[in-house]
Amino acid sequence: MEQNEFWKLLSSAGKVVEIPKKSGGKRGLGIPTVSDRVAQMVVKMYMESEVEYIFHEDSYGYRPNKSAIDALGQARKRCWRYDYVVEFDIKGLFDNIDHELLMLAVRKHIKEPWILMYIERWLKAPFVDAWNHVIERKSGTPQGGVISPLLANLFMNYAFDMWMVRTNSMAPFERYADDAIIHCKTELEAEDILSKLKQRLEECKLELHPKKTKIVYCKDKDRKNEYTNMEFDFLGYTFRRVFIKDRLGRLQFNFLPSVSKKSAKSFRDKIKSMRIHSFSGSKIEMIAELINPIVRGWLNYFTKFNPSAVRYSIDCLNRRLVRWAMCKYKRFRGHSKRAEKWLKEIAKKEPNMFPHWALGMLP
């Protein structure tokens, strides 16, 4: 490739930045140019008006007026009615979507030549890494692109959602992008659907994630059989048997979502990494301003279902605040109980200073 052609290619290619994945390893995040970002937003707005109505009601990811909480709420209700769940995850969905199959779906609904031209350009545009190495792209939608979630939803609408409606209409599901669960009445039905699903995705040039795909038994007070898998993770929550009060105040086992161990640990690690105790020169109001956006967002999401499960992580946060008080005031050094008592007094006067205090989760 000649030098002029090389720099021309760089000017139209998106930058790729590697970011850590929660499950380990790294994910390449494409950073489109400013002009491409604007153009993608225009195309996205137009395409949504053309394709949103065809999407399945149980597709929740990256759609207007739908959320992960909606998906979790529906999943919770169905886990009470269906004994088994097929939990599955598609391996590298955004990296492996076949361009030809995707464009078939796009052309089915979009006829404007300029939109088709732009989408094909964005799909095939190479990435450039930090060392100016050009990375050719033969499949996938660029993660980081504004248009990518909509294209992935359109692809999965035909690869999975409509296929389920045609072939397994009695088995409801919830899907959020590449993360999904299917509800089944029996183990035999679950095994049959999982086998067919694997074949279906292979036809669409996709692959199930081997470590994130399994059949789960929804054990509770009425369903008492033993099974290899009796819990699953979905959208940051763990669905499992929980000993909890029912609506009548009776303690019994129920199959419910609670904040997952991974999500709780991620929150605690983030709080620890902020090293609150090192801000000994700051007032408590400044500490609140620093951490409240993180704490409020986490609580808003993870207290929707079984809110008592967040208590341990919030206790860790309160201990961090106690440690900060001990570092700030000499009279509290070596006396955690005194610092804790002082924070409790502040919480009584200013219960809304921290989001968890407002919920009654005091030191």
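These exercises, with worked solutions, concern a predicted model.

**Exercise 1. The nonpolar cores**

Find the residues that touch the most other members of the largest nonpolar core, and name the helix that gives the most to this core.

Solution.
Step 1. The largest nonpolar core has 50 residues. Met 47, Val 106, Ile 119, Phe 160 and Ile 182 touch the most other members.
Step 2. Helix H7, residues 148-167, gives the most to this core. H7 supplies 10 residues.
Step 3. Look for a further core. A second, separate one holds 48 residues, including Cys 79, Phe 232, Ile 287 and Val 322.
Step 4. Return to Ile 182 and set aside its neighbours within four places in sequence. Among the contacts of Ile 182 are Tyr 84, Val 85, Val 86 and Phe 88. Phe 160 and Met 164 are also in contact with Ile 182. Ala 171, Pro 172, Phe 173, Ile 193 and Leu 197 complete the list.

**Exercise 2. Helix H9**

Compare the span of helix H9 with the expected value, then work out where its buried residues lie around the axis.

Solution.
Step 1. H9 covers residues 261-273, which makes 13 residues. The expected span is 1.5 Å times one less than the number of residues. That gives 18 Å, and the end C-alpha atoms are 18 Å apart, so the two agree.
Step 2. List the buried residues of H9: Ser 263, Ala 264, Phe 267, Arg 268 and Ile 271. They cover an arc of only 135° around the axis, so they sit on the same side of H9.
Step 3. Recall the helix geometry. An α-helix has 3.6 residues a turn, so residues three or four places apart point the same way.
Step 4. Turn to the face away from the buried side. Lys 261, Lys 262 and Ser 273 are the exposed residues there.
Step 5. Find the packing partners. The buried residues of H9 pack against strand S11 (251-259), helix H10 (284-302) and helix H11 (311-328).

**Exercise 3. Two buried serines**

Determine for Ser 59 and Ser 263 where each is placed, whether each is buried or exposed, and what its side chain reaches.

Solution.
Step 1. Place Ser 59 in the loop between helix H2 (34-51) and helix H3 (68-81). Its relative accessibility is 1%, so Ser 59 counts as buried.
Step 2. Leave out neighbours within four places in sequence. Ser 59 is then in contact with Lys 66, Asn 153, Asp 161 and Arg 175. The side chains of Ser 59 and Arg 175 share a polar contact of 3.0 Å.
Step 3. Place Ser 263 in helix H9. Its relative accessible area is 14%, under the 20% limit, so Ser 263 is buried.
Step 4. Leave out residues up to four places away in sequence. Ser 263 then touches Gly 236, Trp 298 and Phe 302. The side chain of Ser 263 reaches the backbone oxygen of Gly 236 at 2.9 Å.
Step 5. Add a distance in sequence and space. Ser 263 and Leu 235 are 28 residues apart in sequence, with 9.5 Å from C-alpha to C-alpha.

**Exercise 4. Positive phi**

Locate Lys 205 and Arg 275, give the phi of each, and classify their accessibility.

Solution.
Step 1. Lys 205 is not a glycine, yet its phi is positive, about 65°. Lys 205 lies in the loop between helix H8 (187-203) and strand S8 (214-217). At 52% relative accessibility, over the 50% limit, Lys 205 counts as exposed.
Step 2. Arg 275 is not a glycine either, and takes a positive phi of about 50°. Arg 275 comes just after H9, in the loop between H9 and H10. At 47% relative accessibility, Arg 275 counts as partly exposed.

**Exercise 5. Aromatic pairs**

Classify the ring pairs Tyr 84 with Tyr 217 and Tyr 301 with Phe 302.

Solution.
Step 1. The structure holds 22 aromatic pairs.
Step 2. The ring centres of Tyr 84 and Tyr 217 are 5.2 Å apart and the planes stand at 45°, so this pair is tilted. Tyr 84 lies in strand S3 (residues 84-89) and Tyr 217 in strand S8, so the pair ties together parts 133 residues apart in sequence. Both Tyr 84 and Tyr 217 are buried.
Step 3. The ring centres of Tyr 301 and Phe 302 are 4.8 Å apart, with planes at 85°, so this pair is edge-to-face. Tyr 301 is partly exposed, with a relative accessible area of 22%. Phe 302 is buried at 8%.
Step 4. Extend to the cluster. Ring pairs link Tyr 301 and Phe 302 with Tyr 237, Phe 267, Trp 298 and Phe 305.

Note on methods
Residues are numbered from 1 along each chain as its sequence is written. This is a predicted model: local features need pLDDT of at least 70, side-chain atom pairs count only at pLDDT 80 or more; totals for chains, interfaces and linings use all residues. Side-chain values use heavy atoms; hydrogens and water are left out. A nonpolar core is a set of buried Ala, Val, Leu, Ile, Met, Phe, Trp, Tyr and Cys residues joined through side-chain atoms within 4.5 Å. Buried means under 20% relative accessible area, exposed over 50%, partly exposed in between (1.4 Å probe, protein chains only). Helices (H or I, at least four residues) and strands (E, at least two) are DSSP runs, numbered from the N terminus. Contact means heavy atoms within 4.5 Å. The arc is that of the directions from the helix axis to the C-beta atoms. A polar contact is a pair of N or O atoms within 3.5 Å; within protein, one must be able to donate a hydrogen and the other to accept it, and residues adjacent in sequence count only if both atoms are side-chain atoms. Rings of Phe, Tyr and Trp (its six-membered ring) pair if their centres lie within 6.5 Å; planes under 30 degrees apart count as stacked, over 60 as edge-to-face and the rest as tilted.
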